[in-house]
Amino acid sequence: MRNDLGYRGTDTVCEFCSAELDRLSEVELLTDRDLAMLRQPRRRVNANLPVRMDDGSVAVFPSFRIQYNSARGPTKGGIRYHPDVDESEVDQLAFLMALKCAVVDIPFGGAKGGVQVDPNGLSVGERERLSRAYIAEYADVIGPETDIPAPDVNTGPQVMAWMMDEYEQQTGEHAPGVITGKPLELGGSRGRTSATSFGGRVILDAFAETRGWEPTDLDVAIQGFGNVGSYLATFLHERGYNVVAVSNAQGGIYDADGLDIPAVFDGYGTEDDLFVTGEQITNDELLTLDVDVLIPAAIEDQITMSNVADLRTEAVLEMANGPTTTDADAYLADHGIPVIPDILANAGGVTTSYFEWVQNSSNEYWSKSKVQNKLEEQMQTAFEDLHEVKQAGDDRSWRQAAYIRAVDSVLDAEKFRGNISR
Ligand code: NAD
């Protein structure tokens, strides 16, 4: 079977990626060969991982590693542990990683990995053996100069530490750059934990400036009070933004005069992560508050056709991955509500992963303030580049600008490699 490029290859295109590219080709000139190059990933690998359980039995977990595009550099992307992980989800996330790395102009391609497992059902030992099994299986296709995994849903610094150790045992070499999101003691970067939120704050400042808005005049609602949402609430509060609402999976709190975020932290986490200050609201109510900026920072598919008409925000900053469905995104564009897309807004995390990899490669470790200064510069530049692309077209949305810039950058790299003509 030959694909559109004329080469032998798999016939399975990534449906989400294909639909996104078709939408992009309505506003940007892309040839059939350009499109064919990006409709499917460069490499898909999958394996059933046998893992010895504590009771002596062996359980088998389906797993994936998908390297979408490596024209701009080694592929990069997290590994997720979740019962719903499948090939099409990993395809989609790998594609978005390729675009995200291009948007912030770091020299990486995009990848993603996953294991179909409910990690809550695993003991610590089982989780370690699963993490080591994953790396033992994929050691030949990952590496500091080829494909660099990172944490994602339900994986964190401890899983990264086991994975790095397993890779080093497999290869017999010290190789901290094979994985990012490691504990500081094993070559992690200072500032990584709060980096996604720090980058989001830089992007919101820059966006506000384009509108002539002062942070102190802006009411902001944040959905999600985990790693991203809680650090972001702190950064924005320190900057003078009025954070009027925050929430977690159980519900949220609201204060029209602005929440005292340090006080929210003081009372938080005492009883099943319930908030003990402010007026109690539901997540649905939070999403439709009358605010200047709505920030979904929890999970995907939160702004949908069932609630988008009720939104009363002036703008949306997507800190979660994929919080707006495609049709709701089109609705917001039609109604003149700007959406700063995830592939820009939350790219501070992968940018700092890149800094971690640079530190591992050079064996020189940076202070937190150096990491944050470099991150601020990188995010600010990415924002300005996108702003320019947005202004260059009629009525381009921020998401269209981000896609245009990212896809052009990947295709230009393919062109210089001689893989397509442009
Ligand atoms: P997290 O697990 O630390 O926090 C998630 C938060 O969302 C929690 O407060 C949880 O209670 C809340 N939540 C869960 N389900 C909810 C629901 N149905 N309604 C409302 N709130 C709900 O996760 P995180 O690391 O903060 O990531 C949040 C989002 O940001 C995810 O989409 C993630 O992919 C994305 N992201 C994270 C990073 C990072 O560096 N952590 C980087 C890029 C993107």
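Visitor: How many strands form the open sheet with mixed pairing that has strand 9 and strand 8 in its order?
Guide: In this predicted model, 7 strands form that open sheet, in the order 9-8-7-6-10-11-12. The pairing is mixed.

Visitor: Which strands stand at the edges?
Guide: Strand 9 (279-281) and strand 12 (339-340) do. Each has a single partner strand, so one side of each is left without a neighbour in the sheet.

Visitor: How is strand 11 joined to strand 12?
Guide: Strand 11 covers residues 315-317, and 2 bridges join it to strand 12. The two strands run parallel. Leu-317 has Ile-340 in strand 12 as its bridge partner.

Visitor: Which strands does helix 6 lie across?
Guide: Helix 6 lies across strand 10 (293-296), strand 11 and strand 12. Its direction makes about 155° with strand 11.

Visitor: What sits in the loop between strand 10 and strand 11?
Guide: Asp-301 is in that loop. Asp-301 has a positive phi of about 55°, although it is not a glycine.

Visitor: Buried or exposed, or something between?
Guide: Asp-301 has a relative accessible area of 45%, so it is partly exposed.

Visitor: Where else is there a residue other than glycine with a positive phi?
Guide: Asp-105 is one, with phi near 55°. Asp-105 lies in the loop between helix 3 and strand 4 (109-116). Its relative accessibility is 46%, so Asp-105 also counts as partly exposed. Asn-363, just after helix 12, takes a positive phi of about 55° too.

Visitor: OK, helix 12. How many residues does it have, and how far does it reach?
Guide: Helix 12 (residues 348-362) has 15 residues. From its first C-alpha to its last, the helix reaches 21 Å, close to the 21 Å expected at 1.5 Å a residue.

Visitor: How many residues of helix 12 are buried?
Guide: 12 of the 15 are buried, so helix 12 is largely enclosed by the rest of the structure.

Visitor: Which ones are they?
Guide: The buried residues run from Gly-348 and Gly-349 through Val-350, Thr-351, Thr-352, Ser-353, Tyr-354, Phe-355, Glu-356 and Trp-357, and also include Gln-359 and Asn-360.

Visitor: And what covers them?
Guide: The cover includes two strands, strand 3 (75-82) and strand 5 (147-151). It also includes helix 3 (87-103), helix 6 (195-211) and helix 13 (368-391).

Visitor: Which residue in helix 13 can we look at?
Guide: Gln-372 is found in helix 13. At 18% relative accessibility, Gln-372 counts as buried, because the cut-off is under 20%.

Visitor: What does Gln-372 touch?
Guide: Leaving aside residues up to four places away in sequence, Gln-372 touches Ser-194, Phe-198 and Phe-235.

Visitor: Change of topic. How many residues are around the ligand, and which come nearest?
Guide: There are 18 residues around the ligand. Thr-196, Phe-225, Asn-227, Val-228 and Ala-249 come nearest.

Visitor: Which backbone atoms are listed with an oxygen atom of the ligand?
Guide: Gly-226 is one case, with a polar backbone atom 3.1 Å from a ligand oxygen atom. For Ala-298, the distance from a polar backbone atom to an oxygen atom of the ligand is 3.4 Å. For Met-319, a backbone N or O atom lies 3.5 Å from an oxygen atom of the ligand.

Visitor: What is the order of the open sheet of 5 strands?
Guide: Its order is 1-2-4-3-5, with mixed pairing. Strand 1 and strand 5 stand at the edges with a single partner strand each, so each has one side without a neighbour in the sheet. From one strand to the next, the twist averages 25°.

Visitor: What packs on that sheet?
Guide: Helix 4 (residues 124-138) packs on it and touches strand 1, strand 2, strand 3 and strand 4. The direction of helix 4 makes about 140° with that of strand 1.

Visitor: In what sense do strand 1 and strand 2 pair?
Guide: Strand 1 (residues 43-52) and strand 2 (residues 58-69) pair in the antiparallel sense, over 10 bridges. Asn-48 has Pro-62 in strand 2 as its bridge partner, and Leu-49 has Phe-61.

Visitor: What do strand 1 and strand 2 form, and how many residues are between them?
Guide: They form a hairpin with 5 residues between the strands. Gly-56, in the turn, has a positive phi of about 95°.

Methods. Residues are numbered from 1 along each chain as its sequence is written. This is a predicted model: local features need pLDDT of at least 70, side-chain atom pairs count only at pLDDT 80 or more; totals for chains, interfaces and linings use all residues. Side-chain values use heavy atoms; hydrogens and water are left out. Helices (H or I, at least four residues) and strands (E, at least two) are DSSP runs, numbered from the N terminus. The expected span of a helix is 1.5 Å times one less than its number of residues. Buried means under 20% relative accessible area, exposed over 50%, partly exposed in between (1.4 Å probe, protein chains only). Contact means heavy atoms within 4.5 Å. Two strands pair if DSSP finds at least two bridges between them. Axes are lines fitted to C-alpha atoms, for helices over the stretch in contact, and angles run from 0 to 180 degrees between N-to-C directions. A residue is near a molecule or strand if one of its heavy atoms lies within 4 Å of it. A polar contact is a pair of N or O atoms within 3.5 Å; within protein, one must be able to donate a hydrogen and the other to accept it, and residues adjacent in sequence count only if both atoms are side-chain atoms.
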